[in-house]
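Subject: Structure handover

Hello,

Please find the structure below. My notes on it follow.

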Amino acid sequence: MTESLSPAAAAQNGSSPQTLKDTPGYIENAFPGKEEQMLKVTEYLAEKAFIPSALAQNEVSWFYNNLGIDDMYFASESVDSIANHIMALYGAKIFAYTKNDNGLDINLERETDEGAVYIHTSRPGVSQLYGPQHEKRIDAKYLDVSNTERAYRLESYRSKGTVSSSLSTQLRTYFVRQCSFVNPAPTKEQENDIRETADKSFLEKATENTLEIYSNIIKTALSRTGPVIEMFEVEGSRERRLVIAYKQQTTQSFFSAISDLYHYYDLYSTRKYVEQFSNGITIVSLYLNQIPKSTAPPIEHSIHQIIKEASLIYCLPTTPLQSFFQTNKLSVQESIYGYIGWIFAQHFLNRLGNEYTSLVNILDTDNSTHQDVLTKMKKRLRTDTFTRDYILEIIKTYPELVKLLYINFAMIHYVNPAVNSLKPTLSYQRLRTDTVLTDEELYEKIKRTTSNSHELMVFESFLIFNKHVLKTNFYQPTKVALSFRMDPSFLPEIEYPTKLFGMFLVIGSEFRGFHLRFRDVARGGIRIIRSRNREAYSINLRSLFDENYALAATQQRKNKDIPEGGSKGTILLDVNQQDKALVAFEKYVDAVMDLLILGETPGIKERIVDLYKKPEILFFGPDEGTADYMDWASAHARERGASFWKAFTTGKSQALGGIPHDTYGMTTRSVHQYVLGIYRKLGLKEENCSKLQTGGPDGDLGSNEIKISKDRTCGIVDGSGVLYDPEGIDRTELARLAENRLMISNFDISKLSPKGFRVLVDEVNIKLPSGEVVDDGLSFRNNFHLNPMVNCEVFVPCGGRPESVDLQNVNRLLDHEHKPRFKYIVEGANLFFTQEARLRLERAGAVVFKDASANKGGVTSSSLEVLAALSFNDEEFAEHMQVTEDHIPAFYQEYVKEVQSIIERNAHLEFEALWREHLRTKTPRSILSDELSLAIVKLNENLQHTSLWNNVALRKVVLEEAFPNMLLKQVGLEVLMKRIPENYVRAIFGSYLASRFVYKYGTEPSQFSFFEFIQPYFSKIPVTAA
């Protein structure tokens, strides 16, 4: 048989159709000892006498010669195992006969650590919904866990004969074996060599034809984030061979899910293989045929649809709507769309209602008790009204509505096939034949079909989703996760008062996530959110969007000094995928890039429907759990041809031009300016002040705070536990931990005073020097900042979960006289306090500087890192910004010093403004911080669109002051203005003037203040220019 490359596959490879060698895919298994083994099995059965001796010979003969089981079974099984299987088959036939049942149900299995054998009765083209579901077990136990160190290959065959002359039932066999790689650890040069990376038994069985096919597909898969899918026609028959390659552990349950997919189109497999390679690639190979007398579209059409939908299956192999797909009630596209709608409803179904809005208007927002009531009510309404399970139950009740809503979605975002296409896709044909309703008709249909207001609200949320998707990669031929660019205008103002500019929803098999930004040009980190258990996951899930919004809003306020607005990305790992942070991050980035870069490659990345109709660039930075991934994201953007690759991520390694925050203490330089500012204003000596710090010596902010400060640190809380000494923790030992980035679990406790102690999270029943017994180290760690035993003047949170202190627990930070236990608080960690908690502490007399003011050194450094990337061409960037092992460019060294200086200057300016405005107005600093930020952001937007910007001479004067001196010296103002996108230069112009003005004149300037402020800039304009 000849296998030729299909046009679809050829298009994916960018090549013309070619004919491969006339050989089968695998050498057929042949067991030379089959006859001898057959005699021994007959003897064994005669001894057992379970089958009458007159019938035993016939049963064995049928099993060996007529059933058509592949010889691999006989070669791998023992005599007694085969005999037991024959007896089981005989018993099943007797049972079926006594029940007058023409069907037969057989499930035989043998599992070991080295592999498994499964045999079961199988109807062609039908998925197993009940019973052992062997393919799902194979996925979970062997294929999903395969990696370069321990992997499993699979061979599966359908028997050519039936179980008996009177029954039409066929058997399917699965043989799973642990791999033995030729070279378990190939070098970079060897990983493209299939004879180095393959399993030894595979090399014995694979034909040259298969080796050639697999070798080519492996090379493509190694360079691609997602799956590579190719199809081959078998000459002289309608059989099609589908070959799919992907990186190990980048999807789950794919083998069983792909079976469900081709079963949907009335196809079945005669044999299938899964091969593993020590370069980290998995290959699935399927030999597909159409069920006889099928009424489904012919295989010549449906195979192309399967190729398209295989990428959807790769993204989301299993969903709670899987059974509707398996039973042909919904297509794979419809069921995955329904799943996306379910996720959207979980996050955005309006659960608060008009009553909550009315209550907000009645209650006093400045009253902490009222705020507490509102906060509790908001959380309870969101938790109790529409649970995940309740929403899913409603969706499952009305699959016909999911169908109609999917059509409504697809009519907007499905790209019509090209005019010269030989055959329209099945997706397109379905859309042409299915009922298409207008939005109004669809809403009326939903109202008539649903039986109560809750059901109506769930499907209304689907309509809201459809109306607000501006672009999606749902129909992209290759993808690794699903991404949706949303118009965020549907968000209720009562809950989200500051309007978002842009919103991305990203969903993969290991995660779900968002990216939110408040301005077109915006910057912020990407955060991985992990969950210790199911309860923690449920809490993280409910708060995911709100946390993302709050983080982005904080970033927006924090970014007041820089041209970029605020943004943030979150990636919530699925409860069962806590070890897949890197895979999730890579998929998240690639899926977002699908919507940023125009698709130009047919069959791989094609053009999508774009209702936004404007170019977009996002800027990603490091955050919790992603600091080590920025290099990959930058390199991946370059590989995908993104023109903005140099500026796409910050926090890159120095080899890629990054300025690492931790190495140069960028975030700490801002935070510590506020601590020093308090000491300066109040005449305090730093060495005499006691301090508690959350976030330990292993982290960026925590380690640098230890290095840069000179106070008497009494307590440190980190991921490993609590370290506390009221006499002051030994500075030399702390410095050792900070230098080596070690947790406090590595602290030499012999250096503690008699009153000092260390309690680790996994310890229980620990007796403290005071005599108090700690029952649970984890709970003690989580609440130590609230513990009344902590007696410090200064509190600097450098790490910890958002909302660690809120209205419900803030009173624990007050003593019995309702005075604050910490006099001075500088919030280094984002959102450690809720705003209500900050205000409560300020009313009690604490000096509080919130995160948006204190923690802005990192974003300033990142912004200036991006500015350098936008200022240089590739050659200049390599020369001046990329550090090698033996060379740090002179420009880089001086630029870093200037960045540090700018961070400290900006922090000093804002601190002075906040201190001055508080003395003048008595307004709490936490509110003043927001007012300053809002004033700067608003003035920035206005300045960018006034005649001031249009005055080119003035523009140059301002930019001469705003641009870093090092860039002006190296590149020159004229070149900078040409190379950097105009919207970015506008933002530099606006943010610089706005921040300087507000810091000098405050939030309530006189009507003449701006004239007074801008006059010196006009005076600097050269006479010729004026």
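At roughly what angle do the axes of H10 and helix H11 cross? The axes of H10 and helix H11 (residues 299-315) cross at roughly 145 degrees and come within 10 Å. Here axes are lines fitted to C-alpha atoms, for helices over the stretch in contact, and angles run from 0 to 180 degrees between N-to-C directions. Helices (H or I, at least four residues) and strands (E, at least two) are DSSP runs, numbered from the N terminus.

Two remarks on the source. This is a predicted model, in which local features need pLDDT of at least 70 and side-chain atom pairs count only at pLDDT 80 or more, while totals for chains, interfaces and linings use all residues. Residues are numbered from 1 along each chain as its sequence is written, and side-chain values use heavy atoms, with hydrogens and water left out.

Back to the two helices. On the side of H10, the contact (heavy atoms within 4.5 Å) is made by Phe254, Ala257, Ile258, Leu261 and Tyr262. H11 brings Ile306, Glu309, Ala310, Ile313 and Tyr314. These residues divide into 9 nonpolar, no polar and 1 charged. In this scheme Ala, Val, Leu, Ile, Met, Phe, Trp, Tyr, Cys and Pro are nonpolar, Asp, Glu, Lys and Arg are charged, and the others, Gly among them, are polar.

Next, the cavities. A cavity is a set of points on a 1 Å grid over the protein atoms alone where a 1.4 Å probe fits but cannot get out, and lining residues have an atom within 4 Å of a point. Grid points are joined across faces, edges and corners, and a volume is the space filled by probe spheres set on the points. There are 3 cavities of 30 Å³ or more, and the largest has a volume of about 60 Å³. Its lining includes Asp139, Leu143, Tyr246, Phe254 and Thr282. Helix H6 (134-143) and helix H10 (254-264) are the elements that give two or more residues to this lining, which divides into 4 nonpolar, 5 polar and 2 charged residues.

There is also an open sheet of 7 strands with mixed pairing, in the order S20-S19-S18-S17-S23-S24-S25. Two strands pair if DSSP finds at least two bridges between them. Strand S20 (757-760) and strand S25 (847-849) are the edges, each pairing on one side only. S24 (residues 824-826) and S25 run parallel, joined by 3 bridges.

Last, proline 186 lies in the loop between strand S5 (170-178) and helix H7 (194-197). Its C-alpha atom is separated by 7.1 Å from that of serine 278, 92 residues apart along the chain.

Regards

Definitions and conventions. On a 1 Å grid over the protein atoms alone, a cavity is a set of points where a 1.4 Å probe fits but cannot get out, and a pocket is an open set with protein on both sides within 12 Å along at least five of seven lines; lining residues have an atom within 4 Å of a point.
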